[in-house]
Amino acid sequence: MTKRPYVIDEMISAKAIAARIEELCHEIHAEFRGTDKLVVVGLLRGSFVFIADLVRELDLPVEVDFLEASSYGDAMESSREVRILKDLRGQIEGRDVLVVEDIVDTGHTLKHVVGLLKARKPGRLRTIALLDKPSRRETDVKADWIGFSIPDEFVVGYGIDYAQRNRNLPFIGKVRFEDES
Ligand code: PRP
């Protein structure tokens with residue numbers, strides 16, 4: 001893929017993300033209080049920063065596991081075919097599970113993963129996404145908790161990449177291509 005020159009404008013600051021995570025964790029506590037050991041499942045790679053901040057804010061016994069699903073590769077458009085590149089290490093039958101996504105765009109990834117995990121007969125299965133782009137949805141999926149609902153902008157940072165770059169930005173930024181007005 002040819003890289004077009006671009007700049008990144010801050011859209012959601014690190015401080016705003018931290019404040020929102022704190023709010024979300026109050027609701028997650030209310031839902032899962034008393035759970036023996038919650039399995040928090042991060043969808044790689046995009047969720048690695050969000051899940052790290054989220055679990056450190058959760059005052060609950062948690063087990064952390066990861067699943068890698070990919071529908072984009074290095075492309076900007078979803079292939080709509082979700083591939084599981086890495087499965088969970090642990091069993092989830094009868095366990096309460098929280099699936100952590102960085103962004104729900106078309107919704108194909110989250111829908112596929114929820115279907116896959118539900119077939120393993122977990123206890124409660126809930127989902128959380130830091131970002132939601134409802135205008136892009138092609139499926140009937142919606143995360144139980146959403147950090148921020150955003151318009152159809154191309155975003156990077158806080159785990160989210162553009163051609164595998166910019167995941168390490170501490171904020172969510174909007175990509176502006178310099179060859180666009
Ligand atoms: C991105 C993102 C979400 C998914 C959302 O993952 O991290 O998991 O796409 O898109 P959707 O709602 O249209 O399915 P990607 O496949 O780019 O992999 P990555 O997390 O490794 O960057």
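Visitor: What covers the buried residues of α3?
Guide: This is a predicted model, with local features needing pLDDT of at least 70 and side-chain atom pairs pLDDT 80 or more, while totals for chains, interfaces and linings use all residues. Residues are numbered from 1 along each chain as its sequence is written, and side-chain values use heavy atoms, leaving out hydrogens and water. Helices (H or I, at least four residues) and strands (E, at least two) are DSSP runs numbered from the N terminus, and contact means heavy atoms within 4.5 Å. The cover over α3's buried residues includes β2 (38-44), β3 (62-70), β5 and β6 (125-132).

Visitor: And which residues of α3 are buried?
Guide: Buried means under 20% relative accessible area, exposed over 50% and partly exposed in between (1.4 Å probe, protein chains only). An α-helix has 3.6 residues a turn, so residues three or four places apart point the same way. In α3 the buried ones are H108, T109, L110, V113, V114 and L117.

Visitor: Is L116 buried or partly exposed?
Guide: L116 lies in helix α3. Beyond its neighbours within four places in sequence, L116 is in contact with L67 and I84. With a relative accessible area of 25%, L116 is partly exposed.

Visitor: Which element gives the largest share of the shell around the ligand?
Guide: A residue counts as near if one of its heavy atoms lies within 4 Å. There are 17 residues around the ligand, with E101, D102, T106, G107 and T109 coming nearest. At least two shell residues each come from β5 (97-104) and α3 (108-118). The largest share, four residues, is from β5.

Visitor: How much of the ligand's area does the protein bury?
Guide: Polar atoms first: one ligand oxygen is 2.7 Å from a polar backbone atom of G107, and an oxygen is 3.1 Å from a side-chain N or O atom of R167. Areas come from the Shrake-Rupley method with a 1.4 Å probe; for residues, only the protein chains shown count as cover. Taken alone, the ligand exposes 500 Å², and the share buried by the protein is 94%.

Visitor: Which element gives the largest share of the largest nonpolar core?
Guide: A nonpolar core is a set of buried Ala, Val, Leu, Ile, Met, Phe, Trp, Tyr and Cys residues joined through side-chain atoms within 4.5 Å. The largest has 28 residues, and L54, L98, I128, L131 and I172 have the most contacts inside it. Elements giving this core two or more residues include α1 (14-32), α2 (48-57) and β7 (145-149). The largest share, six residues, comes from α1.

Technical notes: Polar contact = N/O pair within 3.5 Å; in protein donor to acceptor, adjacent residues only side chain to side chain.
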